[in-house]
Each structure stands twice: as structure tokens, then as C-alpha cells.
Amino acid sequence: MSDLVKALKAEHVNIHKMLVAANDLGIHTDAGCKILMAAKTALLAHLEREDKHLYPILLKAAEDDPILRDALDFFYEDIEGVAKTALTFFDKYETGAEGADFAADFAELVSVLMQRIRKEESVTYKMFDQLDIWQDGAGG
């Protein structure tokens with residue numbers, strides 16, 4: 001497994017832990033709200049890392065591989081919906097909240113993120129590691 005994929009998977013775990021911690025503390029508390037905003041920062045940094053280091057390599061490889069190109073097209077469409085859901089959630093609750101609306105929105109966010117993480121780890125990251133170019137330093 002490439003260093004990049006290891007780092008991205010670790011980021012997935014960290015983001016999930018932060019979301020759970022924020023929920024456990026309650027985002028109506030200062031501590032919970034701070035952790036929630038840290039999760040937003042971590043998610044945005046994660047997406048930026050993928051955009052800079054993962055997807056350009058996959059897109060280059062997809063130029064000669066229609067199956068890879070189709071898979072990437074699907075993942076790009078999917079991430080737009082995930083990003084919209086996440087950013088809407090973070091914007092709505094950046095100053096804290098509680099109650100049924102928050103619980104439902106939080107459950108939706110976690111569900112969408114976990115589905116995306118499973119797809120990335122089982123498909124996208126495997127495709128990246130199968131390129132065998134990361135051994136030459138491209139995956140760090």
C-alpha cells in the first residue's frame with residue numbers, strides 16, 4: 001500500500017473520530033463545536049490532498065484506460081454530492097445546535113461520509129495502488 005493511501009485512510013479514521021467526539025460532547029458545548037469545526041478543517045484538507053496527489057495520477061492513467069475513466073467519472077459526481085452535504089451541515093451548525101434537526105442532519109452527514117469512505121477505500125485507493133507508480137515516490 002502506498003504512503004499516500006495509508007495517510008488518506010488514517011485521515012478517514014481521524015475525521016470519523018472527531019465527528020463522533022463532537023456528537024458525544026454535544027455541539028451546543030464549546031468543546032463539541034470546536035471539535036466539529038476541526039473535523040470540517042480536516043475534511044477540507046483531506047479533499048485537497050486527494051485533489052492534489054491522488055486524482056491527478058488516476059486521471060493521467062485514465063487517459064488510456066476507459067474502465068478507470070468511467071470509475072473516476074462516477075467518483076467525481078459522487079464527491080460533489082458528498083461535499084455539498086458536508087459543507088451545508090458544517091455551515092448550518094458552525095455556531096452550535098442541538099435537538100432533532102441536528103440529530104437527523106448529523107446522522108445523514110455521517111452516513112454519506114462513511115459510504116464515500118467505503119467506496120474510496122475499496123475502489124479508488126485500490127485502483128491507485130494497482131498503478132504501481134507509487135513505488136517510485138509518486139504516492140507520498
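User: In which helix does Asp 105 lie?

Analyst: The model discussed here is predicted. Within it, the stretch of residues 100-130 forms a helix that includes Asp 105. The element in question is helix H4.

User: Is Asp 105 buried, partly exposed or exposed?

Analyst: The relative accessible area of Asp 105 is 21%. Buried means under 20% and exposed means over 50%, with partly exposed in between. Asp 105 therefore counts as partly exposed.

User: Which residues does Asp 105 contact, leaving aside its neighbours within four places in sequence?

Analyst: Asp 105 belongs to helix H4. Once neighbours within four places in sequence are set aside, the contacts of Asp 105 are Phe 89, Lys 92 and Tyr 93.

User: What is the N to O distance in the salt bridge of Lys 92 and Asp 105?

Analyst: In general, side chains of opposite charge can pair when their charged atoms come close. The side chains of Lys 92 and Asp 105 meet in such a salt bridge, with an N to O distance of 2.8 Å.

User: How many residues apart are Lys 92 and Asp 105, and which helices do they occupy?

Analyst: The salt bridge between Lys 92 and Asp 105 links distant parts of the chain. Lys 92 is in helix H3 and Asp 105 in helix H4, and the two are 13 residues apart.

User: How far apart in space are Asp 105 and Ala 62, C-alpha to C-alpha?

Analyst: In sequence, Asp 105 and Ala 62 are separated by 43 residues. Their C-alpha to C-alpha distance in space is 36 Å.

User: Which residue of helix H4 forms a salt bridge with Asp 78?

Analyst: The closest N and O atoms of this salt bridge are 3.0 Å apart. Asp 78 lies in helix H3 and its partner in helix H4, so the pair ties together parts that are 38 residues apart in sequence. Both residues of the pair are buried. The partner of Asp 78 is Arg 116.

User: Which residues are joined into one network by salt bridges that share partners?

Analyst: The search of the whole structure finds 8 salt bridges. Asp 78 and Arg 116 form one of the pairs. Through shared partners, salt bridges build one network out of Asp 78, Arg 116, Lys 119 and Glu 120.

User: Why are Lys 52 and Glu 48 separated by about one helical turn?

Analyst: Lys 52 and Glu 48 form a salt bridge whose closest N and O atoms are 3.0 Å apart. Lys 52 is exposed at 53% relative accessible area, while Glu 48 is partly exposed at 42%. The separation is about one helical turn because the two residues are 4 residues apart in helix H2.

User: Is Lys 40 buried or exposed?

Analyst: Lys 40 lies in helix H2, which spans residues 30-62. Not counting residues up to four places away in sequence, Lys 40 touches Leu 87, Phe 90 and Asp 91. Its relative accessible area is 17%, so Lys 40 is buried.

User: Which residues does Glu 11 touch, not counting residues up to four places away in sequence?

Analyst: Glu 11 lies in helix H1, residues 3-25. At 18% relative accessibility, Glu 11 counts as buried. With residues up to four places away left out, Glu 11 touches His 46 and Arg 49.

User: Which residues form a negative surface patch?

Analyst: One member of the patch, Asp 73, is found in helix H3, residues 66-93. Patch residues need over 30% relative accessible area, and Asp 73 is partly exposed at 42%. The patch is formed by Asp 70, Asp 73, Glu 77 and Glu 80.

User: How far apart are the mean positions of the positive and negative charges of the protein?

Analyst: The protein carries 15 positive and 26 negative charges. The mean positions of these two sets are separated by 3 Å.

User: How many helices and strands does the protein have?

Analyst: From the N terminus on, the elements run α-α-α-α. The C-alpha atoms fill a box of roughly 50 × 25 × 20 Å along the principal axes. The count is 4 helices and 0 strands.

User: What share of the residues of the protein counts as buried?

Analyst: The accessible surface of the protein comes to about 7700 Å², and 55% of it belongs to carbon and sulfur atoms. Among contacts with a separation of 6 or more, residues 24 or more positions apart account for 72%. Of the 140 residues, the buried share is 40%.

Technical notes:
Residues numbered from 1 in each chain as written. Predicted model: local features only at pLDDT ≥ 70, side-chain atom pairs only at ≥ 80, totals over all residues. Heavy atoms only, no water. Patch = residues over 30% accessible without salt bridge, like charges linked within 9 Å, V, L, I, M, F, W, Y side chains within 5 Å. Areas by Shrake-Rupley, 256 points an atom, 1.4 Å probe, with all protein chains shown as cover. Salt bridge = Lys/Arg side-chain N within 4 Å of Asp/Glu carboxyl O. Lys, Arg positive; Asp, Glu negative; His and termini not counted. Charge placed at Lys NZ, Arg CZ, Asp CG, Glu CD. Buried < 20%, exposed > 50% of the residue type's maximum accessible area, 1.4 Å probe, protein only. Contact = heavy atoms within 4.5 Å.
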